[in-house]
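Visitor: Please take a close look at one charged spot in this model for me. Then carry on from there into the packing and strand pairing, in one connected account.

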Amino acid sequence: MSILIRIAAAASIAIGMTLPVAAQDDTLTISVTFGPTAEVPDPRVGYNGWMSNQTGVTETLMGIDYDLNLYPRLAESIEQTAPTTWRVTLREDLTFHDGSPVTAQAVIDAIAPISDENDPAFNKRIAGVLDLAGISTDGDRIVIFETNTPNAAFQWGLSDPGVAILGVPSDDFSINATGPYIFREAVPEQLYRAEANADYRLGEPGFDEIRVVASPDPATAALAFEAGDVDMVINYPETDFDRIQETGAQGFTAPTARLYFYSMNTTSGPLANPLIRQAVSLAIDRDGIVEAVLSGVGGVPAGTIYPAGKSWASNIVPTYDPVRAGELLVEAGAVKEGGVWTLDGAPIEIEILTYSSRAALPPTAEITQAFLQQIGLTATVSVGEYGASNDAMLAGDGDMFLQAWVMLPQGDPGSILGFLLASDGGSNAGRYANPALDDLLVKGRTTFERAEREVIYDQVQQIIATDVPLIPVFHVSQAVVARAGLTGYQVHPTETYWITHETRFSE
């Protein structure tokens, strides 16, 4: 275990200051690892909707509660009236930030562009989740959605932060939404700023202003917090979480559906062989990684893509078996020479790619490298930006890509699995293609009975465990710190909700 202790110590932050008294109770400044993508980041584009949803600017028709249950948000109710027809009734007296009413036609005007390839608001990911054939109204408060095929995930898809309900923009309301905060400005990759919506239907917001500042390096964010420059840090470094609370900071942590996992290069290099992929998975001691990287803040070794004991999870136990890993390498035709595994006369070399915007990623990659080297597999680690790492993986220039994704962002399993593992998945970095898996993903989407869907997704998880297109490592509990007295906040399992009108500093 000395390797783990040495790496974990190198990853820790040792800062001994006490917290200064931060300034203004009427402003909340939050540090996160990412920033807005444009001066006016349309919530429907890319993943812009996450920040606007998190900061209380935008709202969706449906929402996900803290137990991962679906509930009506701007909608009053939702009803499936036919296999491809959904009828949504809006709440009464909803208004946009500019005071105009939220009508059924306004909902259509907000959502329809998401599926229009010629519209700037087009979002291929969300369009695939909704799979809309058409939208119509039945009066001012009822929206009727028609899908191309039966889509069991549709109502869950209406909770996606990108399906934000927006009114007509103007100079005063460039993002004309419905939430407790009004978007005011963004500086790409640096700042997102919102002000209180005094007319919010559920009550007066707790802050005059919300400021989100981007700090890609979690250690830098931790320093800014101790200096009193920010009031709150989302994804605070786990290795420093206990110590910072001893200085007077308030800590929040709770389990999430975020999975740290490796996408595997299934088309080129040594991991194109599923036997070698299986061997790599067995060589990784997930318990050791959780102990070293998460420092007791919280994390569970992952045998499958959903947290054990939670919705949709198969009963697959993570296995650490370096002896069996060696046997599989022999089956794959590898030979161990001088303590190093070779294939066709050359050492098996595995390049691990990851990014640094989440504190646990680089040390997890480094510890994985150590485990692989312990059984004789040559491994290297490259830490870059997410986009560059993803592009390199797609180009076949990496073998394992360590990522951290929320696997149930809408509470339904279908969409994320499709992005990551379907042959045409938009985030299939390992270029995995399996017709049997593709067929199961289609069945899961078009089957409505919960018990039948559970059987389908259990089969999907068994394929993942056997063919290893990705390796689940651990599910993490999110660590957040704030200066003392913050109320009305808790860690959400999807990580897509931060601020409500009730969030404030207590007196």
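Guide: E195 counts as partly exposed, at 27% relative accessibility. The model is predicted, so treat every value here as computed from it. E195 forms a salt bridge with R193, and the closest N and O atoms are 2.9 Å apart. R193 has a second partner. Its side chain meets that of E185 in another salt bridge, at 2.8 Å from N to O. R193 itself is buried, with a relative accessible area of 15%. That value is under the 20% cut-off, which is why R193 counts as buried. E185 is partly exposed, at 31% relative accessibility. The arginine is therefore buried, while E195 is partly exposed.

These residues belong to a network. Salt bridges link R184, E185, R193, E195 and E209. In total, the structure holds 20 salt bridges.

Another of these bridges spans the chain. E92 pairs with R141, with their closest N and O atoms 3.5 Å apart. The two sit 49 residues apart, so the pair links distant parts of the chain. E92 lies in the loop between strand 5 (85-90) and helix 3 (104-111). R141 lies in the loop between strand 6 (132-137) and strand 7 (142-147). Here E92 is exposed, at 52% relative accessible area. R141 is partly exposed, at 29%.

Now turn to the nonpolar packing. The largest nonpolar core has 46 residues. Y262, V280 and M400 have the most contacts inside it. Many elements contribute at least two residues each, among them strand 12 (250-264), helix 8 (274-282), strand 19 (400-406) and strand 20 (470-482). Helix 11 (361-374) is also on that list. Helix 11 gives the largest share of this core, five residues. There is also a second, separate core of 30 residues. Its members include L166, I175, F183 and Y192.

Look at Y262 in the largest core. Leaving out residues up to four places away in sequence, Y262 touches M400, F401 and L402, among others. Its contacts also include T364, A365 and T368, as well as L470, I471 and V473. One of these contacts is a strand partner too: Y262 stands opposite I471 in strand 20.

That brings us to strand 20. Which neighbours does strand 20 pair with? Strand 12 and strand 20 pair in the antiparallel sense over 11 bridges. Strand 11 (232-234) runs antiparallel to strand 20 too, joined by three bridges. There, I234 stands opposite V480. Strand 13 (residues 299-301) also pairs with strand 20, antiparallel and over three bridges. In that pairing, V300 has H475 as its bridge partner. How enclosed is strand 20? All 13 of its 13 residues are buried, so it is largely enclosed by the rest of the structure.

H475 turns up again in strand 12's surroundings. A257 is in strand 12. A257 is buried, with a relative accessible area of 3%. Leaving out residues up to four places away in sequence, A257 touches H475, along with P307, W405, V406, M407, L408 and P493.

Strand 20 also helps cover helix 6. The buried residues of helix 6 (residues 218-226) are P218, A221, A222, A224, F225 and E226. An α-helix has 3.6 residues a turn, so residues three or four places apart point the same way. The cover over the buried residues of helix 6 includes strand 1 (27-32), strand 11, helix 7 (241-246) and strand 20. Both ends deserve a look. At the N-terminal end, D217 caps helix 6: a side-chain oxygen lies 3.1 Å from the backbone nitrogen of A219. Just after helix 6, G228 takes a positive phi of about 80 degrees.

Finish with a three-strand sheet. This open sheet has the order 14-15-16, with antiparallel pairing. Strand 14 (335-337) and strand 16 (346-347) are its edges, and each pairs on one side only. Strand 15 (residues 340-343) and strand 16 are joined by two bridges. T342 stands opposite P347 in strand 16.

Technical notes
Residues are numbered from 1 along each chain as its sequence is written. This is a predicted model: local features need pLDDT of at least 70, side-chain atom pairs count only at pLDDT 80 or more; totals for chains, interfaces and linings use all residues. Side-chain values use heavy atoms; hydrogens and water are left out. A salt bridge is a side-chain nitrogen of Lys or Arg within 4 Å of a carboxyl oxygen of Asp or Glu. Helices (H or I, at least four residues) and strands (E, at least two) are DSSP runs, numbered from the N terminus. Buried means under 20% relative accessible area, exposed over 50%, partly exposed in between (1.4 Å probe, protein chains only). A nonpolar core is a set of buried Ala, Val, Leu, Ile, Met, Phe, Trp, Tyr and Cys residues joined through side-chain atoms within 4.5 Å. Contact means heavy atoms within 4.5 Å. A polar contact is a pair of N or O atoms within 3.5 Å; within protein, one must be able to donate a hydrogen and the other to accept it, and residues adjacent in sequence count only if both atoms are side-chain atoms. Two strands pair if DSSP finds at least two bridges between them.
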